[in-house]
Amino acid sequence: MSTTIDHWIAGAATAGTSTRTQPVWDPALGTTEKDVRLASAADVDTAVAAALAAFPDWRDSSWARRQGVLFTFRELLNARKQDLAENLTAEHGKVLSDALGEIARGLEVVEFALAMPHLAKGDYSENVSTGVDTYSLRQPLGVVGVISPFNFPAMVPLWFVPIAIATGNTVVLKPSEKDPSASVWLARLFTEAGLPDGVLNVVHGDKEAVDALLIHPDVQSISFVGSTPIARYVYETGTAAGKRVQALGGAKNHMLVLPDADLDLAADSAVNAGFGSAGERCMAISVVLAVETVADALVEKIAERMAGLTTGDGRRSCDMGPLITKQHRDKVASYIDVASADGATVVVDGRTVVPDGAADGFWLGPTLVDRVPLDSSVYTDEIFGPVLSVVRVAGYDEGLDIINRSRYGNGTAIFTNDGGAARRFQREVHVGMIGINVPIPVPVAHYSFGGWKESLFGDTKAYGPQGVHFFTREKAVTSRWLDPSHGGINLGFPRNG
Ligand code: NAD
C-alpha cells in the first residue's frame, strides 16, 4: 500500500488542497511505495500565511530563546542521525556512510548558527560628530523561501534553515519532489526541539509551487539550489518580483594534475571525487585535466582503482549506489555512446556493472572516458553521474585556459607539489571554490559556499558570513542625546565636526 508524504505547515502534517501527487522511488530497488503531494498555489499561500503569522513573535524572541531551540535541535539530530541517514539512502540511493557524511556537514551549519548572537552583532562608533554616535543593527527579513535539489536532501536545507531561523526569520522550504521525506523529518525534529509552529514550514511540489513562492508578495527572499537553467529562471523571476535571491546552479568541476603531482594521491582523489554519491554532487570532479607527460600513468592508476569499486544497494556495504531515477540513469549512460561517437576512448564502461542489489535498481557503474574532445557534449554538459572524463593538456597554461573558458565556476582542484604553481592557480582561476591537493573543496561552515559564473546567480554565497548577511538587513542609526552644546540651525548637509 502506498504512503502519501504530506506538507508540514504550522507544526502539523497536512494534505493541503491539491490533488496532484508524484511517486517517490527507492532507486536501489527500482520500486515505489510512497508518493508525495504536489502543492497548488493555494497550498503555498497557506504555508506563507503560517510563516507570516509566526514571524512577529519569533523576530522579537531573545537570542537565548532562539539559541536554546537550535541547541536542542543539534543534540536531537546528532542522536538520531542514523534514522535520517537510512531515510536518505532509501529515497536518494547514496550509501549509508555517505548519507551520514551529508548529515555531518549539515550539523556543521547548525553549530555555526549557534554563534549567531556574535555573528549578527552590529558596530558602534562613538562621537562620529560632536555628541553624535553611529551604530548598525542587523534584523531579519521576514518570511524567506528555500528551494532545494534532490542530491542533498538534508544538507542543502541545513545550509539555509538554521541561519534563517537563528536570525529571526520564518521559513517556507520547498524540497525536491524526488526525495522529499528528509525535509519533513527535519521539520518534525525542529518542532520537538521547541521551534514554535509556523517558523519552519515544508511544502512539497514542482514548478507550480516554486512559481507561487517566487512571486508571493509576503516572501522576502529566495535561496535556491539546483541546475543552472532553473537557477537562472529563479533568479530572474524572484528579483523581478523585488526579492533578494541567491540561486546556486550546476557545475562541471575540473581537476588539473601537473607532472610533479603525487600521482597516487591524484588517482585516489579523482576516484573519490568522481564516483562518490554516484557523481551526483555539485562538487564532484567530472573532468581530469592531465598533463600529457603523466596522462597514461594517471589513467592507468585511476582505472586500477575503479576495478576495486563495488556498486550496489546503499544499505549493504558498497562504495557507490544507484542513480536517482531510471530516466536519469538512461540519460547518463547515453553519454558513453556519445563519447565513442565523438572519438573519445571508453576505458571503463559502467554499463557492464554487476550490482550488489535488486535487478530493477537504477544502476550504472563507474565509467572512465579518456581523450574527450572539448566540443563533445560529454565535456560541455553537466552529466551528473559516474562518468569521469580525461582531457589531455600540454601544461599548466592550457589547463588553466580550459577551466577559465568553462561556463561554470563552482569548484576546481590542482594537484602539484609546486607551491608556486598552486599559488598562481588560486590567483588566476575563475572559480569560487578551489582545492590544492584536495579534490572536493567544500568550505567548512564558517566560510561561505558558492561558485562563480553560471554556478551562482546573485552575489551572496550560502552559509558562513555571507549566509548571515543574506538573511539579515542592516540599519545604520545616527543618534544624539540631549546635550547643552547643540549647534543651532544649520541647513548645510550633515558632516562630521
Ligand atoms: P533541479 O534544477 O531539477 O531542481 C531543483 C529544484 O527546482 C527542485 O526543488 C525542483 O522541484 C525545482 N524545479 C525543477 N524544475 C523546475 C522548473 N521548471 N521551474 C521551477 N522549479 C523547478 O535540480 P536537481 O536535479 O534536483 O539537482 C541537481 C542539480 O543541482 C545539478 O545541476 C547540481 O549541480 C545542482 N546543485 C548545485 C549545487 C550548488 O551548490 N551549486 C548544490 C547541489 C546541487
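Two strands are taken to pair if DSSP finds at least two bridges between them. In this predicted model, strand β1 (residues 3–5) and strand β5 (residues 31–37) satisfy that criterion, running parallel and joined by 3 bridges. Within this pairing, T4 has D35 of β5 as its bridge partner. Strand β5 is also paired with strand β4 (residues 21–26), here in the antiparallel sense and over 6 bridges. In that case K34 of β5 is the bridge partner of V24. The hairpin of β4 and β5 has 4 residues between the strands, and G30 in this hairpin takes a positive phi near 70°.

The protein is divided into domain 1, covering 3–249 + 455–477, and domain 2, covering 253–436. A distance of 31 Å separates the C-alpha centres of domain 1 and domain 2. Contact between the two involves 23 residues of domain 1 and 26 residues of domain 2.

A second set of strands, β6, β7 and β23, forms an open sheet of 3 strands in the order β6-β7-β23, with antiparallel pairing. Strands β6 (124–129) and β23 (472–480) stand at the edges and have a single partner strand each, so one side of each is left without a neighbour in the sheet. From one strand to the next, the twist of this sheet averages 30°. Strand β6 runs antiparallel to strand β7 (residues 132–140), and 3 bridges join them. The bridge partner of Y124 in β7 is Y135.

Another open sheet consists of 7 strands with mixed pairing, in the order β15-β16-β17-β14-β13-β19-β20. Its edges are occupied by β15 (345–348) and β20 (433–436); each has a single partner strand, and one side of each is therefore left without a neighbour in the sheet. The average twist from one strand to the next is 20°. Strand β13 (residues 253–257) pairs with strand β14 (residues 285–291) in the parallel sense, over 5 bridges. M255 has V288 in β14 as its bridge partner.

Two helices that pack on this sheet are described here. Helix α9 (residues 263–275) packs on the sheet and touches β13, β14, β16 (367–370), β17 (387–393) and β19 (411–415). The direction of helix α9 makes about 170° with that of β13. Helix α14 (residues 419–428) also packs on the sheet, where it touches β13, β19 and β20. For helix α14, the direction makes about 165° with that of β19.

The ligand has 27 residues around it, of which K174, E177, S227, G249 and E382 come nearest. E177 places a polar side-chain atom 2.6 Å from an oxygen atom of the ligand. Backbone atoms also take part in polar contacts. A polar backbone atom of F150 is 3.0 Å from an oxygen atom of the ligand, and a backbone N or O atom of G226 lies 3.3 Å from an oxygen atom of the ligand. Taken alone, the ligand exposes 840 Å², and the protein buries 88% of that area.

Technical notes:
Residues are numbered from 1 along each chain as its sequence is written. This is a predicted model: local features need pLDDT of at least 70, side-chain atom pairs count only at pLDDT 80 or more; totals for chains, interfaces and linings use all residues. Side-chain values use heavy atoms; hydrogens and water are left out. Axes are lines fitted to C-alpha atoms, for helices over the stretch in contact, and angles run from 0 to 180 degrees between N-to-C directions. Contact means heavy atoms within 4.5 Å. A residue is near a molecule or strand if one of its heavy atoms lies within 4 Å of it. A polar contact is a pair of N or O atoms within 3.5 Å; within protein, one must be able to donate a hydrogen and the other to accept it, and residues adjacent in sequence count only if both atoms are side-chain atoms. Accessible areas come from the Shrake-Rupley method with a 1.4 Å probe; for residues, only the protein chains shown count as cover. Domain bounds come from an automatic or database domain assignment.
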